[in-house]
Amino acid sequence: MLYHQMIDIGAYILFLDGLPIEPRVARIVLTGTEDKLSSIGFDIHFRLRDLLHHMGNILQRSTTISDEMVDWFLDQVPIHRTVATSFNLNKQVFKQLEEAYYQCATIDQFLKLKLDIDDIVPPLLNLDLYEMVGLELVPDEEDGVAVQQAQFSGSDNAVDESFIAYLGVISKLFFVQVGSAIKAAIYDMFSVRR
């Protein structure tokens, strides 16, 4: 039978783009059977103001977005809001860590495992090695107990329309970039130079 074991790791600081961030809620999610681990994930609640630097970096790296658009977007972000996110560890990294999991007596030992002695941040605490699988706005009126029980995409929680608009802007920018890359690849494939 498949199960999820959620362990609060709020005492740890996670890393994104090489910079430390301290989420409001952080739980590691171990999924598997009684005998075998099948995936490792995170359930993390971020304040949007803590992610402004990271969002700015992602947007400014784009060649199709002007600096004025980036500034406007960052000025409009509702920084007081909290988002609940769900991540799964990259499958290749998971395969490298899976054997070590069974040799650890505590979750603390597991969180501190390094694949390479020269690594500064253990893989489990480095969000660059994860894939986001869920994102949801945490309602303002939720108390501490409700925040602990927040669900992800597909739940009945109401999502603020303005936040959906912000996500729409980011997804549109993303698809513009993907579209231009595909267009360039097709043009190159059928160009006279070949």
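The side chains of D50 and R47 form a salt bridge with an N to O distance of 2.7 Å, where a salt bridge denotes a side-chain nitrogen of Lys or Arg within 4 Å of a carboxyl oxygen of Asp or Glu. D50 is partly exposed, with a relative accessible area of 26%, and R47 is likewise partly exposed, at 22%. In this classification, buried means under 20% relative accessible area, exposed over 50%, and partly exposed in between (1.4 Å probe, protein chains only). The model is predicted, so local features need pLDDT of at least 70 and side-chain atom pairs count only at pLDDT 80 or more, whereas totals for chains, interfaces and linings use all residues. Residues are numbered from 1 along each chain as its sequence is written, and side-chain values use heavy atoms, with hydrogens and water left out.

By the salt-bridge rule, the count comes to three. In another of these pairs, R27 and D43 meet through their side chains at 2.3 Å, N to O. This pair links distant parts of the chain, with R27 in strand 4 (residues 25-32), D43 in strand 5 (residues 37-47), and their positions 16 residues apart in sequence. R27 counts as buried because its relative accessibility is 6%. D43 also counts as buried, at 2% relative accessibility. A further salt bridge joins the side chains of E98 and K36, at 2.7 Å from N to O. Here too distant parts of the chain are linked: E98 belongs to helix 3 (residues 91-103), K36 lies in the loop between strand 4 and strand 5, and the two are 62 residues apart. E98 counts as buried, with 13% relative accessibility.

The protein contains six helices and seven strands. Helices (H or I, at least four residues) and strands (E, at least two) are DSSP runs, numbered from the N terminus. In order from the N terminus, the elements run β-β-β-β-β-α-α-β-α-α-β-α-α. Of the 194 residues in the protein, 36% are buried. The exposed area of the protein is about 12400 Å², of which carbon and sulfur atoms supply 56%; accessible areas come from the Shrake-Rupley method with a 1.4 Å probe, and for residues only the protein chains shown count as cover. Among contacts with a separation of 6 or more, 65% involve residues 24 or more positions apart, contact meaning heavy atoms within 4.5 Å.

Several residues in the strands illustrate pairings across the sequence. M6 is located in strand 1 (residues 3-8) and is partly exposed, with a relative accessible area of 46%. M6 and L30 are 24 residues apart in sequence, while their C-alpha atoms are 6.5 Å apart in space. Neighbours within four places in sequence aside, M6 is in contact with R27, I28, V29 and D43. The contacts of M6 thus include R27 and D43, the residues that meet in the 2.3 Å salt bridge. G32 is found in strand 4 and, at 1% relative accessibility, counts as buried. The C-alpha atoms of G32 and L2 are 5.3 Å apart, with 30 residues separating the two in sequence.

L14 is placed in strand 2 and is buried, with a relative accessible area of 0%. When neighbours within four places in sequence are left aside, L14 is in contact with I9, L19, P20, I21, P23, A26, F42, I44, L125 and L127. L14 and L124 are 110 residues apart in sequence and 8.7 Å apart from C-alpha to C-alpha. D17 lies in the loop between strand 2 (14-16) and strand 3 (19-21). The phi of D17 is positive, at about 55°, although D17 is not a glycine. D17 is partly exposed, with a relative accessible area of 32%.

On the surface, D67, E68, D71 and D75 gather in a patch of negative charge. Patches are made of residues with over 30% relative accessible area and no salt bridge, like charges being joined within 9 Å and nonpolar side chains (Val, Leu, Ile, Met, Phe, Trp, Tyr) within 5 Å. Lys and Arg count as positive and Asp and Glu as negative, whereas His and the chain ends are not counted. The place of a charge is taken as NZ of Lys, CZ of Arg, CG of Asp or CD of Glu. Within this patch, D75 is found in helix 2 (residues 67-76) and counts as exposed, at 63% relative accessibility.
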